There are 6 protein chains.
Amino acid sequence: MDRIPVDETLLRNISLLSASSPQERRMVPRGTGSFPSVKGLEESMSLIKAIVFPDFFDSRRNNREIRSCYIGVNLEKLYSVLSQEIKRALRFDNTLEEDEVYCEACRLTLKFIDELPEIKRLLFTDVEAMYNNDPAVDNYAEVILCYPVVQSMVNYRTAHALLKLGVPVIPRVISELAHSATGIDINPGAEIGEYFAIDHGTGVVIGETSIIGNHVTIYQGVTLGAKNFTLDSNGHPVNIPRHPIIEDNVTIYANATILGRITVGRDSVIGGNIWLTQSVPAGSRVLQSRTPEPAGEMKY
Amino acid sequence: MDRIPVDETLLRNISLLSASSPQERRMVPRGTGSFPSVKGLEESMSLIKAIVFPDFFDSRRNNREIRSCYIGVNLEKLYSVLSQEIKRALRFDNTLEEDEVYCEACRLTLKFIDELPEIKRLLFTDVEAMYNNDPAVDNYAEVILCYPVVQSMVNYRTAHALLKLGVPVIPRVISELAHSATGIDINPGAEIGEYFAIDHGTGVVIGETSIIGNHVTIYQGVTLGAKNFTLDSNGHPVNIPRHPIIEDNVTIYANATILGRITVGRDSVIGGNIWLTQSVPAGSRVLQSRTPEPAGEMKY
Amino acid sequence: MDRIPVDETLLRNISLLSASSPQERRMVPRGTGSFPSVKGLEESMSLIKAIVFPDFFDSRRNNREIRSCYIGVNLEKLYSVLSQEIKRALRFDNTLEEDEVYCEACRLTLKFIDELPEIKRLLFTDVEAMYNNDPAVDNYAEVILCYPVVQSMVNYRTAHALLKLGVPVIPRVISELAHSATGIDINPGAEIGEYFAIDHGTGVVIGETSIIGNHVTIYQGVTLGAKNFTLDSNGHPVNIPRHPIIEDNVTIYANATILGRITVGRDSVIGGNIWLTQSVPAGSRVLQSRTPEPAGEMKY
Amino acid sequence: MDRIPVDETLLRNISLLSASSPQERRMVPRGTGSFPSVKGLEESMSLIKAIVFPDFFDSRRNNREIRSCYIGVNLEKLYSVLSQEIKRALRFDNTLEEDEVYCEACRLTLKFIDELPEIKRLLFTDVEAMYNNDPAVDNYAEVILCYPVVQSMVNYRTAHALLKLGVPVIPRVISELAHSATGIDINPGAEIGEYFAIDHGTGVVIGETSIIGNHVTIYQGVTLGAKNFTLDSNGHPVNIPRHPIIEDNVTIYANATILGRITVGRDSVIGGNIWLTQSVPAGSRVLQSRTPEPAGEMKY
Amino acid sequence: MDRIPVDETLLRNISLLSASSPQERRMVPRGTGSFPSVKGLEESMSLIKAIVFPDFFDSRRNNREIRSCYIGVNLEKLYSVLSQEIKRALRFDNTLEEDEVYCEACRLTLKFIDELPEIKRLLFTDVEAMYNNDPAVDNYAEVILCYPVVQSMVNYRTAHALLKLGVPVIPRVISELAHSATGIDINPGAEIGEYFAIDHGTGVVIGETSIIGNHVTIYQGVTLGAKNFTLDSNGHPVNIPRHPIIEDNVTIYANATILGRITVGRDSVIGGNIWLTQSVPAGSRVLQSRTPEPAGEMKY
Amino acid sequence: MDRIPVDETLLRNISLLSASSPQERRMVPRGTGSFPSVKGLEESMSLIKAIVFPDFFDSRRNNREIRSCYIGVNLEKLYSVLSQEIKRALRFDNTLEEDEVYCEACRLTLKFIDELPEIKRLLFTDVEAMYNNDPAVDNYAEVILCYPVVQSMVNYRTAHALLKLGVPVIPRVISELAHSATGIDINPGAEIGEYFAIDHGTGVVIGETSIIGNHVTIYQGVTLGAKNFTLDSNGHPVNIPRHPIIEDNVTIYANATILGRITVGRDSVIGGNIWLTQSVPAGSRVLQSRTPEPAGEMKY
């Protein structure tokens with residue numbers, strides 16, 4: 001069982017698998033460098049978590065001097081790992097010359113590091129929001145250690161910052177890392193305010209052009225999606241605003257589906273399993289009218 | 001790309017990120033020790049799986065003498081790893097003095113190990129239930145190797161046992177490990193009887209105060225949730241019984257949503273996509289009355 | 001905290017945990033060899049990904065000579081790892097004598113390797129389909145790097161090929177690896193044509209006897225399930241065709257549930273949240289009639 | 001720096017390096033299987049150390065029940081790893097048919113395991129001898145933890161046992177592992193009695209046909225070598241007894257060189273830097289006559 | 001080949017190997033805790049190298065702020081790893097009560113950390129001395145990267161400091177780690193001054209009670225040994241001063257052997273292969289008188 | 001024991017250890033990049049061994065097509081790892097501008113790869129020579145697997161080729177890796193012909209300007225050293241030819257010391273423990289005249 005038999009069939013399979021298909025050839029952005037690596041981006045996210053929650057994912061220190069040692073070391077590692085991945089991603093940006101890529105990657109990484117204090121501030125508002133929403137949690141630490149939304153938001157807020165800096169491809173990979181771990185799928189293009197909470201979360205989808213205010217809470221299975229696509233002349237869908245706007249202080253219960261460029265006005269509540277495709281004004285309470293129905297559906 | 005440039009900006013970022021925010025300060029339970037580590041708890045769960053399913057996740061032996069060697073070694077490792085994590089978690093228990101923590105952690109770990117034979121017995125009832133529910137499976141071994149519900153139930157039954165022993169925080173982390181891997185989110189506080197089966201499972205949510213009898217089967221996307229929260233005088237939600245009671249021999253099909261402290265009587269069937277907020281008696285069959293509807297909705 | 005105290009209780013626990021329960025004894029297929037290992041199958045899937053997408057998960061080369069070196073090396077590793085796992089799985093096949101297992105495992109592994117060029121071709125149609133469906137993606141490379149459906153389809157198409165070769169157990173384990181990572185649960189028994197796309201994907205369930213044509217697109221939360229089971233004389237469900245047939249060019253939107261051995265005719269569109277249990281002809285558009293309803297349900 | 005340029009030169013280098021030289025072709029013992037792996041043999045030696053010194057290299061237990069768990073688990077691992085390496089080594093044995101190799105490897109591994117209790121007994125005599133020789137050591141535990149001779153003797157006694165069982169090649173590899181770590185080069189063919197001690201040890205060479213009695217002590221840089229070789233008709237040196245016989249209770253001080261098939265009689269002492277090529281009777285004290293010399297050589 | 005056959009023989013072997021021999025029982029210092037682990041001490045030495053040569057074994061920074069971050073983080077790691085090992089080693093100290101061990105281990109680790117700046121200073125004098133002795137080296141960096149004496153002296157100066165603090169066993173293990181890697185065997189009890197250089201080094205032995213001044217240089221194969229042992233009434237050798245005193249500015253060439261409590265006066269040179277057992281005054285040049293001899297020994 | 005106490009002492013220690021000493025400042029070659037990493041060079045040497053002995057350290061294949069796949073993949077990895085290390089080493093070359101370093105590193109790595117077929121040819125002559133010298137070895141394969149001289153010569157021939165290409169520092173590090181593993185210390189500057197054999201080897205030292213012909217054999221402890229140094233006006237030793245020239249077909253037995261720029265004529269034999277500081281003509285046999293002496297030194 002040690003060794004594959006080497007014969008005509010094997011050599012033909014190698015040859016077939018080495019040929020690039022027409023799709024593959026179209027796929028290459030340019031040049032021959034490597035693509036961004038998932039492993040490098042996972043390491044970047046671990047470092048970012050250790051930087052913004054230094055007591056949880058790296059080490060715990062009340063003392064500020066030692067804490068700053070850890071943060072300095074982690075920032076240097078993050079710079080080294082992330083700038084390498086950004087360099088690879090910039091091959092997807094056709095406006096750059098080959099010899100500009102290196103400098104641009106360094107510049108963008110430093111710009112991103114400048115965003116980290118604000119990202120940290122925002123993440124702690126999310127933690128506070130989650131704490132305030134769940135009777136099953138006793139303190140902030142438990143939220144950070146146990147709630148999938150925290151991992152989801154670290155990745156989203158990082159991906160969103162990188163997207164705004166113009167980094168290609170990487171934001172989407174970072175989103176998918178969180179999607180895979182939590183079942184929460186937030187497109188990095190979405191705009192999300194402070195104090196955002198998601199409970200349970202599996203199956204949540206937040207589309208690319210969604211805009212979400214402050215103090216918004218959503219539950220598992222909620223979709224903020226597009227109703228349909230506008231196609232361009234080649235039949236490829238056009239990337240225009242097509243997802244909902246959710247204003248401040250809105251709560252959306254489990255499995256609600258909100259589709260299209262509509263607005264859910266501030267202080268509204270959208271009930272579980274609701275299917276919503278038109279705007280509702282501030283203070284709305286959109287609930288299942290079916291509550292009485294089940295009795296009628298029962299057979300016993 | 002090797003090294004981050006060291007300048008005023010970098011030093012200011014380090015300083016900003018080292019400062020603890022007001023939220024962080026509130027968050028600390030006490031002292032300066034480490035928090036429980038996710039890695040240590042993952043290792044504990046691997047050891048528990050190797051102990052309860054010794055033929056699957058460690059090694060296969062018909063011979064009882066050698067099998068007991070593996071179990072002895074794994075129990076010693078489990079004691080060492082888990083007692084360390086419990087010690088860290090006990091910092092969240094304000095009723096303990098610092099110097100009681102060590103002994104209490106050892107005591108609780110031994111107590112938990114005493115529960116393992118019963119946990120093993122319960123898990124094999126779950127395996128048997130799963131086998132009896134799925135026409136696509138040929139034997140028990142395949143259930144243990146392939147079904148996400150098995151991982152989910154190992155973690156739930158462990159987390160539940162630790163919660164009942166009074167271990168803080170860790171039960172929730174263990175639940176989330178399974179939630180992340182399977183998309184099944186079972187709060188460790190739920191009470192679940194023997195022969196429990198979940199098929200597919202993604203999106204299942206079982207809330208903290210749910211009570212589930214024996215021989216219950218549920219499918220993907222089922223929510224056993226709270227209808228709404230009672231807030232205390234500070235506006236923080238109160239942790240009271242608020243999730244459903246599911247009696248023996250109940251089957252709940254995919255994406256059904258059952259909310260509030262209601263009771264689903266024994267031998268009932270809840271159909272797919274049902275939204276249920278009131279109790280139903282034993283032997284109920286709550287089904288979609290919509291089956292005829294779609295025809296009316298079709299346009300072709 | 002280093003060492004577990006060795007006393008009567010510990011020795012009794014070891015003894016209890018070493019005994020095999022009646023279920024365990026029934027579970028053993030035969031002999032004393034190891035079960036297939038999840039780790040070995042994960043490694044096999046990594047090698048298959050590196051072989052079919054050589055620029056992404058291993059290294060990027062325009063040059064065909066070097067690319068073929070990588071593919072040759074990875075094929076040899078795949079042969080070694082996968083044949084070992086297949087040998088273990090063949091213990092579940094009662095028609096083989098012990099001494100036939102080794103040769104059969106080698107033969108099946110080589111047969112599977114012969115399928116790889118076709119699997120690669122099919123996967124690139126899936127990538128192209130996904131690219132054509134999502135306005136948020138800029139090029140093929142991004143699809144391969146970022147979309148969970150790609151991981152899902154690599155595992156499904158591998159598992160399906162192994163199942164058709166008659167390999168026991170392993171196809172199901174491979175499916176579950178993708179299910180865990182993506183929330184997309186495709187039974188390896190399902191038949192799926194070319195150009196298959198799934199967007200977001202969390203909560204998708206595609207049952208064992210589903211048949212899906214070419215150019216089909218589905219969204220998150222879609223279930224292609226069984227309506228109910230036929231039980232055999234022992235009360236065990238019978239494995240007969242019981243899942244839907246989806247013809248070419250069908251699109252099924254989020255959270256639609258399609259149950260039973262019904263046919264969705266070609267060029268149909270099934271809207272989000274639709275519950276469908278009867279066949280619909282070609283060109284159908286089954287949409288929510290509820291779109292006007294929500295207004296009626298709102299209270300503000 | 002990521003990628004090697006692919007050009008004619010590279011392809012020619014690959015081609016040149018892929019060709020096997022005449023020496024390589026002569027080198028192959030037969031067939032196409034793998035050679036024994038150094039990594040597998042290192043792992044075997046770690047397991048053997050954990051088995052014979054269970055308190056040091058694995059875990060410490062006074063309790064015999066738990067200790068036997070560790071030993072059972074380690075014996076099973078050792079069997080699995082070492083039998084694989086022996087199978088590979090048996091390709092060097094031309095008297096075996098291809099299909100006998102597997103059974104012979106299992107048989108030899110079990111035979112070796114039967115030797116382990118005696119190997120353990122001998123090693124503890126070596127530890128005791130070392131303890132009795134060095135004023136700088138306080139207890140037996142320190143000898144096992146700190147003295148290179150212990151590693152050297154574990155490997156020698158293992159290699160010697162395997163050699164006597166007729167295992168090809170592996171004994172020499174195991175010797176070299178100890179030689180590399182300690183600078184002590186003991187050929188596995190040497191015969192060494194009980195209570196053998198080496199202090200410091202760097203540069204010690206003990207040739208293939210050396211015979212050493214009980215309670216012998218040697219120091220760094222001692223050579224027990226051959227004086228010259230007898231060549232066969234092809235000019236290849238003949239493997240006949242050509243190294244010294246050292247009888248019981250002999251001490252040999254640093255850098256002494258003892259060459260040829262001579263006998264050092266029991267209770268003798270050989271002084272540092274001595275060059276000895278003829279037998280000496282029991283009770284000899286062979287010392288440097290140069291002690292007075294240095295004064296004569298000084299210039300100041 | 002997967003599994004060892006379980007039969008009477010195996011169970012008897014497990015039983016034999018689990019029994020502790022009389023030597024083992026004598027060996028135990030007390031209690032049941034673990035012995036110091038070689039792995040933990042290797043990690044400690046890596047951290048110490050990263051702290052004293054921060055540009056070489058960890059990262060290179062001209063900037064003092066970032067460098068201090070690395071040193072802070074490494075000191076914390078060192079404290080955690082080394083204090084654990086010291087706690088284990090203190091079981092060998094019979095003057096301590098069980099409950100004093102923990103505090104004493106912490107205290108000794110902190111004391112050792114206080115020595116690190118002085119150890120660093122001394123090591124840089126050794127580097128400078130080496131640089132000044134070898135025409136084949138171009139700069140200080142090359143000395144640190146390439147010369148085995150540097151590894152040897154890091155371990156010696158660490159082991160010596162720990163020995164002076166009264167830490168049992170560990171100093172000897174640390175010495176042996178360097179001995180194994182370099183062939184240079186320096187007993188941690190030796191006293192060695194500043195600017196110490198060893199070239200090549202294989203086979204050097206420096207005994208426990210040696211005293212070496214400043215600016216001393218030695219070459220490969222040099223022994224500073226004991227001439228003979230004084231035995232106590234039990235026949236166990238007594239640990240009294242028995243190795244040479246080497247004063248400042250002495251050079252000792254390759255393979256010289258200097259034995260007994262003699263003094264080599266300052267500014268002396270001891271030639272290669274010299275055997276010296278009596279003191280020589282300052283400024284001596286002890287050289288081979290044999291230089292003319294070889295001619296006489298030649299036969300051609 | 002988890003956390004170091006943070007107090008004034010700790011902060012002062014961090015500060016002291018972060019300051020660079022005068023020696024450190026002199027040490028920096030230039031700029032702020034990293035030094036070559038030992039880990040990267042170890043990986044390079046593993047790849048080179050897998051390339052020149054493809055059946056031993058990587059995989060065994062008689063088939064040339066598959067073998068060339070392994071070699072292609074390993075050459076690409078070697079290029080990537082080694083060029084990175086060479087780039088770091090070129091900081092030590094003051095004649096290069098910062099922006100020339102990258103191209104020069106790539107150029108030198110390719111040049112080195114062009115040398116690999118010749119290095120492979122030479123290494124197989126060394127294997128053949130070793131085989132012809134040792135009666136204890138049965139076939140070529142055993143030489144490659146077991147003899148430290150093979151590791152020593154792979155590293156020497158690599159280091160020598162890199163040195164001749166003008167790569168700074170790295171050749172010396174590679175030499176030291178072999179010195180540490182084998183106790184054989186060959187300076188990369190030495191010139192060594194074909195069919196070179198070293199038996200046992202511990203303690204061998206071959207100086208920087210040694211010149212060794214073809215078919216030379218040496219034994220453990222042999223030194224080819226310098227007699228004394230010429231100092232420049234700063235008192236730093238000058239790097240001029242100062243080590244022996246050993247002509248073809250010379251054998252040098254254990255622990256012989258040959259010093260200074262002398263010539264050992266072809267076909268000579270130098271006996272064990274000989275101290276030689278003047279040239280000897282071709283065909284000399286320089287042997288110990290002491291053979292009769294020991295009798296005179298014996299006391300019994």
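A residue counts as partly exposed when its relative accessible area lies between the buried class, under 20%, and the exposed class, over 50%. In this predicted model, B:Arg266 has a relative accessibility of 37% and is therefore partly exposed, and B:Asp267, at 40%, belongs to the partly exposed class as well. These two residues of chain B form a salt bridge, in which the closest N and O atoms are 3.3 Å apart.

That pair is one entry in a longer list, since a search of the whole structure returns 47 salt bridges over all chains. Another is found in chain B, where the side chains of B:Glu194 and B:Arg121 meet with an N to O distance of 2.9 Å. This salt bridge connects distant parts of the chain, for B:Glu194 sits in the loop between β2 (191-192) and β3 (197-199) of chain B, whereas B:Arg121 belongs to helix α5 (residues 101-133) of chain B, 73 residues apart. B:Glu194 is partly exposed, with a relative accessible area of 24%, and B:Arg121 is likewise partly exposed, with a value of 37%.

In chain D, a salt bridge is found within a helix: D:Glu104 pairs with D:Arg107, and the closest N and O atoms are 2.9 Å apart. The two residues are separated by about one helical turn, because they lie 3 residues apart in helix α5 (residues 101-133) of chain D. D:Arg107 is partly exposed, at 41% relative accessibility. Turning to chain A, salt bridges with shared partners join A:Glu118, A:Arg121 and A:Glu194 into one network.

What is the situation of F:Asp199, a buried residue that has no salt bridge? The nearest side chain of opposite charge is that of D:Arg172, 5.1 Å away, and a salt bridge requires the nitrogen and the carboxyl oxygen to be within 4 Å, so this pair does not qualify. F:Asp199 is located in strand β3 (residues 197-199) of chain F, and, when neighbours within four places in sequence are left aside, the residues in contact with F:Asp199 include F:Met130, F:Asp134, F:Tyr147 and F:Tyr219.

Chain F also contains an open sheet of 5 strands, arranged in the order β1-β4-β7-β10-β13 with parallel pairing. Its edge strands are β1 (185-186) and β13 (275-276) of chain F, each of which pairs on one side only. Within this sheet, strand β7 (residues 223-225) and strand β10 (residues 257-259) of chain F pair in the parallel sense over 3 bridges, and F:Leu224 stands opposite F:Ile258 in β10(F).

Conventions:
Residues numbered from 1 in each chain as written. Chains lettered and ligands numbered in written order. Predicted model: local features only at pLDDT ≥ 70, side-chain atom pairs only at ≥ 80, totals over all residues. Heavy atoms only, no water. Helix = DSSP H or I, 4+ residues; strand = E, 2+ residues; numbered from the N terminus. Buried < 20%, exposed > 50% of the residue type's maximum accessible area, 1.4 Å probe, protein only. Lys, Arg positive; Asp, Glu negative; His and termini not counted. Contact = heavy atoms within 4.5 Å. Pairing = 2+ DSSP bridges.
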